[in-house]
Amino acid sequence: MAVFDAYIMDTDVFSDAAVFDTCVNMVSEHRRSKVNRLARIEDKRTSLAAGMLLAYALDKRFGIEESEVSYTCDKGGKPHILGKENVHFSISHTAGFAAVIAGDAPCGIDIECVRRFPASVVNRLFSQPDIEMCNSDDLSDRERDLYAVSVWTKREAYVKLTGTGILMNDDTQKHVMEGDYMKSIGYDIWNLYGDRKMRDNDECGEFDFKRADKSVAAVCVPVNSACNVCYLSSKDIFCFTK
């Protein structure tokens, strides 16, 4: 059975210029170049925060120093660590939050701020049942937004595992909200809301997208895997660097 460790944190401490300057010199050249290529300071901070969270995850799970590794990307753009074929990870960041998952098999994670999704995206990329949910008169505007972000993060987590990227003509990607279907093709996929793990089974509680706060995350792993989820403060990660 594959085992995974997932981490989610705020990015607050990286708004401190001194912290930013210290940490940008502690990550790999691969991450540092990503940070430096970004134009907006907010994007630089969240990218660096995600890199530091990955460093934490790799150290805790595999004893790997992220600053010393080299990366390669497959044809779909999915990153891998050179010489570490059994080390798998996925990384995501959005305004104010970062998320990482690491384990011994392919995996995917995504995190997004709650926001309005354009009708053009919903109508082109969502399944018909999900389109109907996003347009339901039984939901408030915020609840419709929460549901749409739940769908999107699950889709992103799935394609990060597979390495395919978002594809308009891939019908499988439209089934991410259907737990039984995803299991039938070999994947467990669930959303994470606020500081609680909510999964589509009795073990972890009923699926309830209305409980989300500022962000929604999703994790995708091989079926029947174990996944430990930990919520951290960015201050914890900065202390880890010292």
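Two rings of Phe, Tyr or Trp form an aromatic pair if their centres lie within 6.5 Å of each other. A pair of aromatic rings is described by the distance of the centres and the angle of the planes. In the predicted model examined here, the count by this rule comes to four aromatic pairs. One of them joins F117 and W152, whose ring centres are 5.5 Å apart and whose planes meet at 45 degrees, so the pair is tilted. The pair brings together distant parts of the chain, since F117 sits in the loop between β6 (108-113) and α4 (119-125), while W152 belongs to helix α6 (residues 141-162), 35 residues away. F117 has a relative accessibility of 9% and therefore counts as buried. W152 is buried as well, with a relative accessible area of 12%.

A further aromatic pair is made by Y158 and Y187, and here the arrangement is edge-to-face, with 5.5 Å from centre to centre and 75 degrees between the planes. Y158 is part of helix α6 and Y187 part of strand β7 (residues 187-193), so this pair ties together parts that lie 29 residues apart in sequence. Are these two tyrosines, Y158 and Y187, buried or exposed? Both of them are buried.

Helix α6 also holds Y147. The relative accessibility of Y147 is 7%, and because buried means under 20%, Y147 counts as buried. Along the sequence, Y147 and M133 are 14 residues apart, and their C-alpha atoms are 7.5 Å apart in space.

With these pairs in mind, it helps to step back to the whole chain. How many helices and strands does the chain have? There are eight helices and 10 strands. For 242 residues, a compact globule would be expected to have a radius of gyration near 18 Å; the chain has 18 Å, which agrees. Along the principal axes, the C-alpha atoms fill a box of roughly 50 × 35 × 35 Å. Of the 242 residues, 51% count as buried. Among contacts with a separation of 6 or more, 67% are between residues 24 or more positions apart.

The surface and the charges of the chain can be described in a similar way. The accessible surface comes to about 11,500 Å², and 47% of this area belongs to carbon and sulfur atoms. The chain carries 30 positive and 38 negative charges, and the mean positions of the two sets are 4 Å apart.

Some individual residues show how these overall figures look up close. V24 lies in helix α1 (residues 17-24). With a relative accessibility of 11%, V24 counts as buried. Leaving aside neighbours within four places in sequence, V24 is in contact with R32, V35 and L48. N36 lies 12 residues from V24 along the chain, and the C-alpha atoms of the two are separated by 9.2 Å.

R45 is found in helix α3 (residues 41-62). Its relative accessible area is 24%, so R45 is partly exposed, a class that falls between the cut-offs of 20% and 50%. Which residues does R45 touch, leaving aside its neighbours within four places in sequence? R45 is in contact with F14, S15 and F20. The C-alpha atoms of R45 and V69 are separated by 21 Å, with their positions 24 residues apart along the chain.

Two asparagines in loops complete the picture. N86 is placed in the loop between β3 (79-81) and β4 (88-94). At 62% relative accessibility, N86 counts as exposed. Apart from neighbours within four places in sequence, N86 is in contact with F62, G103 and D104. By contrast, N86 and S140 are 45 Å apart in space, C-alpha to C-alpha, and 54 residues apart in sequence.

The other asparagine, N224, is located in the loop between β9 (215-222) and β10 (226-232). N224 is exposed too, because its relative accessibility is 56%, and exposed means over 50%. What is the sign of phi at N224? Phi is positive there, at about 65 degrees, although N224 is not a glycine. Most residues other than glycine have a negative phi.

Terms used. Residues numbered from 1 in each chain as written. Predicted model: local features only at pLDDT ≥ 70, side-chain atom pairs only at ≥ 80, totals over all residues. Heavy atoms only, no water. Helix = DSSP H or I, 4+ residues; strand = E, 2+ residues; numbered from the N terminus. Rg over C-alpha atoms; globule rule 2.2 N^0.38 Å. Buried < 20%, exposed > 50% of the residue type's maximum accessible area, 1.4 Å probe, protein only. Contact = heavy atoms within 4.5 Å. Areas by Shrake-Rupley, 256 points an atom, 1.4 Å probe, with all protein chains shown as cover. Lys, Arg positive; Asp, Glu negative; His and termini not counted. Charge placed at Lys NZ, Arg CZ, Asp CG, Glu CD. Phe/Tyr/Trp six-rings, centres within 6.5 Å; stacked < 30°, edge-to-face > 60°.
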